[in-house]
Amino acid sequence: MADLYQKALESERRSLWAECRLKGLAKDTPARIRIAELDELLAQHKAKKGVPSRPSGSDAKTP
């Protein structure tokens, strides 16, 4: 079954991230702060569910 809470958080994060990229917003703006909060909420939610988080950045494996 779909996890609607997780999908909502991820959707909001993607939307904010796209806005920040287009506008070139600095790290201390409210949108970037909210992205950090969403990352924390997603990590907590995934830990509660027992789902390992996907690696990102230098930890991610590229094909």
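Start with the face where the two helices meet. In this predicted model, select Tyr5, Gln6, Leu9, Glu10, Glu12, Arg13, Leu16, Trp17 and Cys20 on H1. Then add their partners on H2: Ala31, Arg32, Arg34, Ile35, Leu38, Asp39, Leu41, Leu42, His45, Lys46 and Lys49. Color that selection by residue type and you'll get ten nonpolar, two polar and eight charged residues in the contact.

Now switch to cartoon and look at the whole thing. The protein chain has two helices and zero strands. With H1 and H2 both on screen, look at how they run: their axes come within 10 Å and cross at roughly 155°. Angles over 145 degrees count as roughly antiparallel, so that is what H1 and H2 are to each other. As for handedness, H1 passes H2 in a left-handed crossing.

Next, go inside. Select Leu9, Leu16, Cys20, Ala31, Ile35, Leu38 and Leu42 and show them as spheres; these seven residues form the largest nonpolar core. Two elements each supply two or more of them: H1, spanning 4-23, and H2, spanning 30-49. Which helix gives the most to this core? That's H2, with four residues.

Stay in the core and click on Cys20. Leaving out residues up to four places away in sequence, Cys20 touches Leu25, Ala31, Arg32 and Ile35. Two of those names, Ala31 and Ile35, are on the core list as well.

Slide over to Arg34, which is found in helix H2. Is Arg34 buried or partly exposed? Its relative accessible area is 27%, so Arg34 counts as partly exposed. Show its surroundings, again skipping residues up to four places away in sequence, and you'll find Arg34 touching Glu12, Leu16 and Leu41. Now use your distance tool from Arg34 to Trp17: C-alpha to C-alpha they are 9.8 Å apart, with their positions 17 residues apart in sequence.

For another pair, pick Lys7, in helix H1. At 49% relative accessibility, Lys7 counts as partly exposed; the cut-off for exposed is over 50%. Draw a line from Lys7 to Leu42: the two are 35 residues apart in sequence, while the C-alpha to C-alpha distance is 9.6 Å. Leu42 should look familiar, as it belongs to the core you selected earlier.

Finally, zoom out and color the chain by burial. How many of the 63 residues count as buried? The share is 19%. If you turn on contacts between residues at least 6 apart in sequence, 50% of them join residues at least 24 apart.

Methods: Residues are numbered from 1 along each chain as its sequence is written. This is a predicted model: local features need pLDDT of at least 70, side-chain atom pairs count only at pLDDT 80 or more; totals for chains, interfaces and linings use all residues. Side-chain values use heavy atoms; hydrogens and water are left out. A nonpolar core is a set of buried Ala, Val, Leu, Ile, Met, Phe, Trp, Tyr and Cys residues joined through side-chain atoms within 4.5 Å. Buried means under 20% relative accessible area, exposed over 50%, partly exposed in between (1.4 Å probe, protein chains only). Contact means heavy atoms within 4.5 Å. Axes are lines fitted to C-alpha atoms, for helices over the stretch in contact, and angles run from 0 to 180 degrees between N-to-C directions. Angles under 35 degrees count as roughly parallel, over 145 as roughly antiparallel, 65 to 115 as roughly perpendicular and the rest as oblique. A crossing is left-handed if the near helix is turned anticlockwise from the far one by less than a right angle, and right-handed if clockwise. Ala, Val, Leu, Ile, Met, Phe, Trp, Tyr, Cys and Pro count as nonpolar, Asp, Glu, Lys and Arg as charged, and the others, Gly among them, as polar.
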